Amino acid sequence: MTEIRQKLNKELAQMFKRGVIMDVTTPEQAKIAEDAGACAVMALERIPADIRAAGGVSRMSDPKLIKGIQAAVSIPVMAKVRIGHFVEAQILEALEIDYIDESEVLTPADDVYHIDKTQFKVPFVCGARNLGEALRRIAEGATMIRTKGEAGTGDIMQAVRHMRTMNSEIRQIAYMRGDELYEAAKQLQVPYDLIRCVHESSRLPVVNFAAGGVATPADAALMMQLGAEGIFVGSGIFKSSNPAKRAEAVVQAVTSYQDAKMLAELSEDIGEAMVGINTEEISTLMAERGK
Amino acid sequence: MKIGVLALQGAFAEHVSMLESLGAETFEIQKLSYLEQPFEGLIIPGGESTTISKLLRGLDLFAELQSRIAGGLPVMGTCAGLIILAKRVEGGKPCLATMDITAVRNAYGRQLGSFETTTTFAKVGNVPMTFIRAPCVRDPGAGVEVLSVVDGRIVAVREKNQLALAYHPELTGDVRIHQYFLDMVAES
């Protein structure tokens, strides 16, 4: 990947800021998401809640499904590949996908290596639970980061934990003396240059979204107030009783995330949220995949 | 001089830092009541045009901004902002529809079609341009001045108080286009 391509890919993520990216499994759902104001959609065969329920091995979606969704909407279309599965990524690049999510939500294909994302022209977003994971993914070529949270649960606690951890680690790096950065790079197992960059800018070098457990407009606004630059919503929309209305409310909540009066209006009468699963009661924590 | 930057979705922060580096005062527009303060110019940033368009209506900003622009408020729209201003939109619905142009959405295809280039911008000179899933302009009306063309496609236009660009001057590090807009504001 050339330097210009890398820059353009980071810049596409900048265009997503203060936006909502929604998981969709059919062209019809993609249209609902676009009409509700989603800034992009994530095309997948099953939403995380169903992946979790079905068990087994979860893989990249059928290209036919992805093409159908690309044809249905005019906004950017993303899709997921398994961690380390660079051939699935080659296939998505051939489909001219707008962003690839190398995602812990699918079953990992490689328990050691992530994809060398610098070998691709299309951009990648990756999940992270802390600053070390985020910077390792960026070193591998990711041009956008999201918290892992815990997909398919509707439980926001893990996303909150990951966002707080990341931002508190960024603050620590920002306040260090210059000569302490070498040790910090060693501790976090990341390249020195990226630590230096965080030290100077007090932020990640790429856009950082929240993901994994967002179910309500209040959840979305919570993540924005904690420092997310935008939101991924997976099961939260299409596992609720009124997807179109909830999708619209989440989009508006992300824009008006500091306006409590507006959030009160947006939270009113939008039907049942997804039932959800308490993340302390489940055995498979997807966030533990790919560190 | 005070410039309002529409901050519903997208790359508004990049415009704010560009304008502030030029000494302009800025504020973010998030809802109707923010428009009660006096300001001299408006920026509609890049982002997703369908999203911004939906939010403009949902937050009741649509009619107010439309009538202010029609009344002469200087405005600069970049990428999605160009689509928001266009009277006609190919591959989408018109939003504010104050500018006599046709915006062609996703004129360069998907993200693999995004690119950088350097091209002549009328009265400014050679400027760097960043195109991200960019639109282009077709059928500019008689009152529309074409300011820049890339590979036969119109990418920058002006109609009186309105400036629209298919690309992102806020991402290039070159402040001349923002200065051009501030000059427009000063002259109005």
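Me: Which residues touch the most other members of the largest nonpolar core?
Reply: This is a predicted model, so keep that in mind for everything here. The largest nonpolar core has 122 residues. The ones touching the most other members are Met223(A), Leu56(B), Phe121(B) and Phe131(B).

Me: Take Phe121(B): which residues is it in contact with, leaving aside its neighbours within four places in sequence?
Reply: Phe121(B) is one of the core residues that touch the most other members. Its partners beyond the sequence neighbours include one polar name, Ser148(B). The full set is Val127(B), Met129(B), Leu147(B), Ser148(B), Ala156(B), Leu163(B), Leu165(B), Tyr167(B), Ile177(B) and Tyr180(B).

Me: How do α12(A) and α2(B) lie to each other, roughly parallel or roughly perpendicular?
Reply: Two packed helices are described by the angle between their axes and the distance between the axes. Here α12 (residues 243–255) of chain A meets α2 (residues 49–58) of chain B with axes 11 Å apart and an angle of about 85 degrees. Angles of 65 to 115 degrees count as roughly perpendicular. So α12(A) and α2(B) are roughly perpendicular.

Me: And how do the residues of that contact divide into nonpolar, polar and charged?
Reply: From α12(A) come Glu248(A), Val251(A), Gln252(A) and Thr255(A), while α2(B) brings Thr51(B), Lys54(B), Leu55(B) and Gly58(B). Gly counts as polar in this scheme. The split is two nonpolar, four polar and two charged.

Me: Why do the buried residues of α3(B) line one face of the helix?
Reply: The buried ones in α3 (residues 62–70) of chain B are Phe62(B), Leu65(B) and Ile69(B). An α-helix has 3.6 residues a turn, so residues three or four places apart point the same way. Seen down the axis of α3(B), the buried residues therefore line one face, falling within an arc of 80 degrees.

Me: Which exposed residues sit on the face of α3(B) turned away from its buried side?
Reply: The buried residues of α3(B) are covered by elements of chain B including β1 (2–6), β3 (41–44), α2, β4 (75–78), α4 (80–85) and β12 (162–165). The face turned away from the buried side carries exposed Ala63(B) and Ala70(B).

Me: What is the relative accessible area of Gln189(A)?
Reply: Most residues other than glycine have a negative phi. Gln189(A) isn't a glycine, yet its phi is positive, about 60 degrees. This residue lies in the loop between α8 (181–188) and α9 (192–201) of chain A. Gln189(A) is exposed, with a relative accessible area of 60%.

Me: Is Ser202(A) exposed or partly exposed?
Reply: Ser202(A) also has a positive phi, about 55 degrees, and is found in the loop between α9 and β7 (207–209) of chain A. Exposed needs over 50% relative accessible area. At 44%, Ser202(A) is partly exposed.

Technical notes:
Residues are numbered from 1 along each chain as its sequence is written. Chains are lettered from A and ligands numbered from 1 in the order in which they are written. This is a predicted model: local features need pLDDT of at least 70, side-chain atom pairs count only at pLDDT 80 or more; totals for chains, interfaces and linings use all residues. Side-chain values use heavy atoms; hydrogens and water are left out. Axes are lines fitted to C-alpha atoms, for helices over the stretch in contact, and angles run from 0 to 180 degrees between N-to-C directions. Helices (H or I, at least four residues) and strands (E, at least two) are DSSP runs, numbered from the N terminus. Angles under 35 degrees count as roughly parallel, over 145 as roughly antiparallel, 65 to 115 as roughly perpendicular and the rest as oblique. Contact means heavy atoms within 4.5 Å. A nonpolar core is a set of buried Ala, Val, Leu, Ile, Met, Phe, Trp, Tyr and Cys residues joined through side-chain atoms within 4.5 Å. Buried means under 20% relative accessible area, exposed over 50%, partly exposed in between (1.4 Å probe, protein chains only). The arc is that of the directions from the helix axis to the C-beta atoms.
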